Amino acid sequence: MTGLSCRDILGTESLTQEDIHLILDTAESFREVSTRPIKKVPTLRGRTVINLFFEPSTRTRTSFEIAGKRMSADVINISGSTSSTVKGESLLDTAYNLEAMSPDLLVVRHSESGVPHMIASHIKTPVINAGDGQHEHPSQALLDLLTIRQRVKKLDGLNVLIVGDIAHSRVARSNIHAMNKCGMNVTLVGPPTMMPVGIEKLGVRVSYNLADAVEDADVIMMLRIQMERQKQHLFSSIREYANLFCLTQDKLKKARKDVLIMHPGPVNRGVEIALDVLESRHSVVLHQVNNGVAVRMALMFLLMGGGDEAAH
Amino acid sequence: MTGLSCRDILGTESLTQEDIHLILDTAESFREVSTRPIKKVPTLRGRTVINLFFEPSTRTRTSFEIAGKRMSADVINISGSTSSTVKGESLLDTAYNLEAMSPDLLVVRHSESGVPHMIASHIKTPVINAGDGQHEHPSQALLDLLTIRQRVKKLDGLNVLIVGDIAHSRVARSNIHAMNKCGMNVTLVGPPTMMPVGIEKLGVRVSYNLADAVEDADVIMMLRIQMERQKQHLFSSIREYANLFCLTQDKLKKARKDVLIMHPGPVNRGVEIALDVLESRHSVVLHQVNNGVAVRMALMFLLMGGGDEAAH
Amino acid sequence: MTGLSCRDILGTESLTQEDIHLILDTAESFREVSTRPIKKVPTLRGRTVINLFFEPSTRTRTSFEIAGKRMSADVINISGSTSSTVKGESLLDTAYNLEAMSPDLLVVRHSESGVPHMIASHIKTPVINAGDGQHEHPSQALLDLLTIRQRVKKLDGLNVLIVGDIAHSRVARSNIHAMNKCGMNVTLVGPPTMMPVGIEKLGVRVSYNLADAVEDADVIMMLRIQMERQKQHLFSSIREYANLFCLTQDKLKKARKDVLIMHPGPVNRGVEIALDVLESRHSVVLHQVNNGVAVRMALMFLLMGGGDEAAH
């Protein structure tokens, strides 16, 4: 078996196109497990997964926990608030100490960019970045690609719009890198205050008009607006933002009949997506969530189970 | 096998008498599991149970978690404080997203009445109400009935007193519905400020004098007083409440020799029950807790395991 | 098999020398489990362990949880903040209620001394003290002894320095009792304000000069300084404390070439131990953490699994 080119999943930027396709193919083969009455395979029995979440997240933590348990791994949850970082224990101390308990995988989420990378560079245990600051959220991008590939049956050559607060979005960043590697054409749409300067260097196009940009899109990925950004004057009001960038039936007039509409959730209805658009057949938001479990099972399998010992 | 008449356990009001007896009989058969050295049956292996607790509760959450694990299910805990409702994700979004991860059961507790019903009406995954506001707490009533049936060997025709803050008690409401269906005669006792207007319509009697009311009772169920109600002027002082409604040896003078004394816990000693009464042979408070695990195993089995696939 | 002399592990003070050696020997035999690809033995399948942590602790809770899961036990975590002690439920009520759910072991941590003892004296379920106030932390002392025995190949006759805030340290107290029983010679070092009056009665020596005291030491165990003690005027400044008691290469000049340096973690670098000393070959801090899992597996096995039923 040909495995991943890397020991950790820190971001899509450090994955090869082959890695991405291997992950998606593996995830596809694990999707079936969650449809069985007995949703469990013995593949990772006796492996220890630690979910180290310094930033709260119901869905991502639950998705990793379910993925681990469906592979028969033991899953340990540690949340920032109960961790001994309250005792002044440094991040790196926490990582060293956890590693000394012989886990097989650390899943790390942190509100600051770079934390999973820093941890991974100091320990031998594989690390999955489950979201770091405004940097990367690779398992989200991978589940997005899996969802697109299932629906459109290919990735290469597809036109994708990513819409919203690009500058602060780790979901956007991970998708841009992954989509570039898979031959997809990415156009970013959003207010100028939310568009990173020089982002075109990443091989993407930029547009400020959603209704026009939808025309050629195979996929429209809406991002979540952090309401607290308003205080930072990145947009003047929710209403004004929604007028320009909320995906409505009206703005979809020029769109393709079979366009896919995606969102990493949770959706602010009427701000990022109008309710009727969200509930239309174009929307694959819950398929994304469903694919999240399969993608995380695949990542765990490829990082922990891809050796001879798994055959035992 | 004849199963339940319903897909969810939202309250005892929506259960039939046959449902109740099926649950109690099933619980009786599972009680033995918790007495073994190896307290585990493979019945629900590979099923995913999500404990979604928006209101904190050591005992109820732990009881459901232990019940699930003794049936070999995978149990995922989500508490309100760590859930992404802090991100403004709506309750229903949370439910839809969790359902997309293919769980087999959601156990929901919330401080507002009706939340488990609302969730159950929108998703296909079975839901157990683990307590919603002042509405229902069906697994508590079912474990109460199991405890009574074990001790008195029947339910039909028994006289039960339920004593305390009837108006605000989901335990009282679930017991009234369940006891009515099982042919039991319920008398409610408490201060007028804590007695719902028109409650007699539910087929119960009302009394304001505990010492008199105990006379014919086979079972006296004391409810927990929420100390914060005092601020709402529902009673003038804890002392006055205890004078009138604390179950003491003195107030038990006219009681039957074999009367059962119950409480859903935690007990405010000397407020609802005098210490010597709580420690007397009449008190079955800890038997109730013990039966809680068996009842929750039964509910999980009947909602998740009652099909052909369980035979695999 | 000869078992432990006690039903609970409340402190090293109540263990015999034979108990300690049995625990260390058993831990030694379980260390290998955590080095396998499949880190799991079926020994405690179907046993229920409840981690009841009223005081937050990433490492100790995680270590017990991993130990339980590697023995195939079901592990339930209850933290103080989510427990119904917020409802005014007393500690003892919590314990009685948990016991009624038929667990096989309670692991209790509390910021007040004596809580695990009080719980253990009222219930039949075995209790492990995972740290109580300034009293005892027996599993920490046992993993310390295991680490020393692995490195030095014996315990009897070794000279140990314990350095720091002796008066407030449950780690010191548990080690003093355990080391005394194993024939080790203990010298306590620290500022007079942090040295309990009359501590010599426990059969230890006291010194106030670290650089001199290191001379004959086989083992130097540094304790963690609680920074908030400074407000209590137990030392005038961190800088002054570090000048006198931080273990530096300079203070180690007279030390033995093969001295072991230990710390229960997390280390305040430059306060208790200088960075270069911490990273030197003398330091066994992470070996201590690693041994923690094996010691806790041993304690669980000896308290829960040492009977005939384990052979099934």
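1. Lys153(C) sits in the loop that runs between α5 (138–152) and β5 (159–163) of chain C, and in this predicted model its phi is near 70 degrees, a positive value in a residue other than glycine. With a relative accessibility of 67%, Lys153(C) counts as exposed.

2. A positive phi, of about 60 degrees, is also found at Ser102(B), again although the residue is not a glycine. Ser102(B) belongs to the loop between α3 and β3 (105–110) of chain B, and at 15% relative accessibility it counts as buried.

3. Helix α3 of chain B, residues 91–99, has as its buried residues Leu92(B), Asp93(B), Thr94(B), Ala95(B), Asn97(B) and Leu98(B). Within chain B these buried residues pack against β1 (48–53), β2 (74–79) and α4 (115–122), and in chain A they pack against α2 (58–70) and α10 (285–304).

4. As to the relation of the copies, a turn of 120 degrees with a shift of 0.0 Å along the axis lays chain B on chain A with an RMSD of 0.0 Å. That is the relation of a three-fold axis. Chain B can likewise be laid on chain C by a turn of 120 degrees and a shift of 0.0 Å along the axis, with an RMSD of 0.0 Å.

5. In chain A, the axes of helix α5 (residues 138–152) and helix α6 (residues 170–181) come within 8 Å and cross at roughly 55 degrees; α5(A) and α6(A) are therefore oblique to each other, and α5(A) passes α6(A) in a right-handed crossing. The contact brings Pro138(A), Gln140(A), Ala141(A), Asp144(A), Leu145(A) and Ile148(A) of α5(A) against Val171(A), Ser174(A), Asn175(A), Ala178(A) and Met179(A) of α6(A). By character, the residues of this contact divide into 7 nonpolar, 3 polar and 1 charged.

6. Asn180(A), which is found in helix α6 of chain A, is partly exposed, with a relative accessible area of 29%. If its neighbours within four places in sequence are left aside, Asn180(A) is in contact with Asn175(A), Leu202(A) and Gly203(A). The C-alpha atoms of Asn180(A) and Leu202(A) are separated by 8.4 Å, the two residues being 22 residues apart along the chain.

7. The peptide bond from Gly265(A) to Pro266(A) is modelled as cis, with omega near -15 degrees, and Pro266(A) is placed in the loop between β9 (260–262) and α9 (275–278) of chain A. In chain B, a cis peptide bond joins Gly265(B) and Pro266(B), with omega about -15 degrees; Pro266(B) has its place in the loop between β9 (260–262) and α9 (275–278) of chain B.

How values were computed:
Residues numbered from 1 in each chain as written. Chains lettered and ligands numbered in written order. Predicted model: local features only at pLDDT ≥ 70, side-chain atom pairs only at ≥ 80, totals over all residues. Heavy atoms only, no water. Least-squares fit on C-alpha atoms with pLDDT ≥ 70 in both. Axes fitted to C-alpha atoms, helices over the stretch in contact; angles between N-to-C directions. Helix = DSSP H or I, 4+ residues; strand = E, 2+ residues; numbered from the N terminus. Parallel < 35°, antiparallel > 145°, perpendicular 65-115°, else oblique. Left-handed = near helix turned anticlockwise from the far one by under 90°. Contact = heavy atoms within 4.5 Å. Nonpolar A, V, L, I, M, F, W, Y, C, P; charged D, E, K, R; others polar. Buried < 20%, exposed > 50% of the residue type's maximum accessible area, 1.4 Å probe, protein only.
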